[in-house]
Amino acid sequence: MTTTYDKTDERLLESESPRAALSSFGRRIRSGDLGMAPVIIGLALIWVIFFLQNDRFLSSRNLVNLSLDSATIGMISLGIVLVLLLGEIDLSVGSVSGVGGSIMAVLLVYQGWPLLSAILLALAVGVAIGTFYGLLFTQFGVPSFVITLAGLLAFLGVQLWVLGSRGTVNLPIDSWIIEFANFKFLSDPVSYALAVVIGLAYLGTRLRTIQRRRAANLSAPSFRGAVIRAVLMVAALLFGAWYLNQDRGVGYMPLFWVAMIVAVDLILRRTRFGRSVYAVGGNEEAARRAGVPVNRVYITVFAAASTFAVLGGILAAGRLQSVAQSSGGTDTNLMAIAAAVIGGTSLFGGRGSAYAALFGMLVLQSITSGLNLIGVEAEVRYIVTGAVLLLAVTIDSLSRRARRSSGTA
Amino acid sequence: MNDGSQPILSLRGIDKRFGAVQALSDVSLDVRPGEVVALVGDNGAGKSTLVKIMSGVYQPDGGEIVFDGRPVSINGPKASQALGIATVFQDLALCDNLDVVANLFLGHERTTGGVLDEVEMERHSWELLRQLSAKIPSVRIPIASLSGGQRQTVAIARSLVGEPKVVMLDEPTAALGVAQTAEVLNLIERLRKRGLGVVLITHNMADVQAVADRIYVLRLGRNSAEFAIGEVTTEQLVAAITGASDNVVAERAARDRTGSAITPEDIDPYAVLPDGAGGPGHVSTDPDQERDA
């Protein structure tokens, strides 16, 4: 066998066998390259603990509810992941989601707009808010912490002003946003077909990459490994779909949320824009000198974060079938930011993945749901959530220190 | 067409002022293809200013820049890169969280249909690193896990992605150990063999002696001396850098006229230093002046 370009260096520690792969995984963990490992282990632990407390926790019914409840704030959290990747923060996503939901509801109910137009206008307001943040940040150098803290207060005011004296706006019960957020589920055959299609798409791209790497004389994983992974993936998806189908099934809204996460993940890993986001988060000056349009990256990301916040607000309005003065208030902000951090997005910028929003949100929602099931009051939930957030940030800081001491900071 | 005897980059009578400070006055410099030109000088001599003029960060107040036979004005970093002048700054400007491939192509990523072409970029990375005989174990590990010399290698390799004609290296060995310095010097040798013009800015006389073909000495913003390698000793260089150069040049000129060869023993670089200028072998009799120095 001829040596490929990338395996010529004798210092390279090979990782072909499963055992070598395992030891290289261990080496990565020790050097502080944790990735998603802590949150996935944490989620598994939480599920086991609550299941032991109350076996209804892992019932199909509860998991379907969990998926529906996660999607609204989870959508907001996806925007937070993007902002954190730049090493910045958006504290105003809660207020902005409230503004978005309110605009949509008022246009729909009191101005008689079609639902789609109302949603599009609310999303446009989200884009405008984020662009404004981005311009303030790039043109005047105001710290994002302060800009968005001001936004948190100001947009809370805007929300109250939009809602006016009405206070609470109930959405018409027949509007499709309510259907979408509560009652729409994939039929069983469609959910299984979707699982297979996703597996085939994964297999197709893997095989194509392997083929191209071989053609370019680069080392490539085996076809067999790719097939095994795809089969395992389809099996897991089929099982998940089957289990949820025992109750209502795979909801449209959670599916939409996961699809957005997958899309953002692909954009981050596979496009020039995504590469720019990681570069700016890692070393802004280096990115600037390499010709990355740094300001445009900041503005785009802030705009995306506010837009995801509005989208989350619209979904929340649909889920709760109404918008009130308290929408997007209380713990929306904190849960969205905490989910991104718990999911493993570094607060120091440049490290993390879109899937942090998925797993982080599932952890938080599992805690909420589990404590509800065993009949514990809200105060315990806040304390537990706070402790988990602290744990996640500590892991982030420790892994950063481990990276430094192993020379991989 | 350039046959290697004509300069690829030529600066003539460059002036640069910052307010009341004349940072550069009447500085000239030639770089030929396949030649390593060392630019040496003490702190504040104007080396960095000159590099920034060539890389388009500063615009000169006077003088002429000729690139490949054509007078040009370099009005920004992009213009400099477009001409074919690549600069590797001292702080390297790499993203620690990205892998080697991502850093090499940062800002110039290859795409097919809007999607990053990772396979093509990785293949090209290996090709580039092989041409430089660079020792990077894997291009899929973050820059953070590389040594200082390997980072310098990546930074130099990155400058070659745009197929430049001139590469400027600002203090490439400043933070490196012995083995890593040797690695980078080998790399400079290979840039020369590829037919690139190399401008090497350094404080390290051993580096200069190891790889440079010609040496420009800047002192207080002026061309203070120009040497071909082999006709100059480290002592003479130090003398030129610290300010005894007028006498060195004058002496050599005198000797050249009389046709006698120069040997290091002919010149005592410290013999003409003013009191307090320091230097090895210089003994001051005045304790106050010694303290000031």
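I'll start with confidence in chain B. Among its elements, helix H10(B), residues 287-292, has the lowest mean pLDDT, 42, and helix H3(B), residues 100-104, has the highest, 93. What we have here is a predicted model. Over chain B as a whole the mean pLDDT is 81, and 82% of the residues reach 70 or more. The stretch to be careful with is residues 271-293 of chain B, where pLDDT stays under 50. For that stretch the model has 22 contacts beyond four places in sequence. Where pLDDT is low, the predicted coordinates should not be read in detail. For the complex, the predictor gives an ipTM of 0.86 and a pTM of 0.84.

Next, the two chains together. How many residues does each chain bring to the contact? Chain A gives 31 residues and chain B gives 24. On the chain A side, the elements that give two or more residues are helix H8(A), 188-215, helix H11(A), 272-282, and helix H12(A), 284-289. The largest share, five residues, comes from H11(A). By class, that side of chain A divides into 11 nonpolar, eight polar and 12 charged residues.

Now inside chain B. The chain is divided into domain 1, residues 9-232, and domain 2, residues 235-293. Where these touch, 12 residues come from domain 1 of chain B and 11 from domain 2 of chain B. On the domain 1 side, two or more residues each are given by strand S3(B), 35-41, helix H7(B), 205-211, strand S11(B), 214-219, and strand S12(B), 222-228. S11(B) supplies the largest share, three residues. That side has seven nonpolar, two polar and three charged residues.

Last, one helix in chain B, H6(B), residues 178-193. Its 16 residues should span 22 Å at 1.5 Å a residue, and the end C-alpha atoms are 23 Å apart, which agrees. Which residues of H6(B) are buried? They are Thr181(B), Glu183(B), Val184(B), Leu185(B), Leu187(B), Ile188(B) and Leu191(B). As background, an α-helix has 3.6 residues a turn, so residues three or four places apart point the same way. In the list, Val184(B), Leu187(B) and Leu191(B) are among the buried residues of H6(B). What covers the buried residues includes S3(B), helix H5(B), 148-159, strand S9(B), 166-170, strand S10(B), 197-201, and H7(B). S3(B) and H7(B) also came up a moment ago, on the side of domain 1 that touches domain 2 in chain B. Just after H6(B), Gly195(B) takes a positive phi of about 85°.

Conventions:
Residues are numbered from 1 along each chain as its sequence is written. Chains are lettered from A and ligands numbered from 1 in the order in which they are written. This is a predicted model: local features need pLDDT of at least 70, side-chain atom pairs count only at pLDDT 80 or more; totals for chains, interfaces and linings use all residues. Domain bounds come from an automatic or database domain assignment. Two residues are in contact if their C-beta atoms, placed from the backbone, lie within 7 Å. Helices (H or I, at least four residues) and strands (E, at least two) are DSSP runs, numbered from the N terminus. Ala, Val, Leu, Ile, Met, Phe, Trp, Tyr, Cys and Pro count as nonpolar, Asp, Glu, Lys and Arg as charged, and the others, Gly among them, as polar. The expected span of a helix is 1.5 Å times one less than its number of residues. A residue is buried if 20 or more other C-beta atoms lie within 10 Å of its own, exposed if 12 or fewer, and partly exposed in between; C-beta atoms are placed from the backbone. pLDDT is the predictor's confidence in each residue, from 0 to 100.
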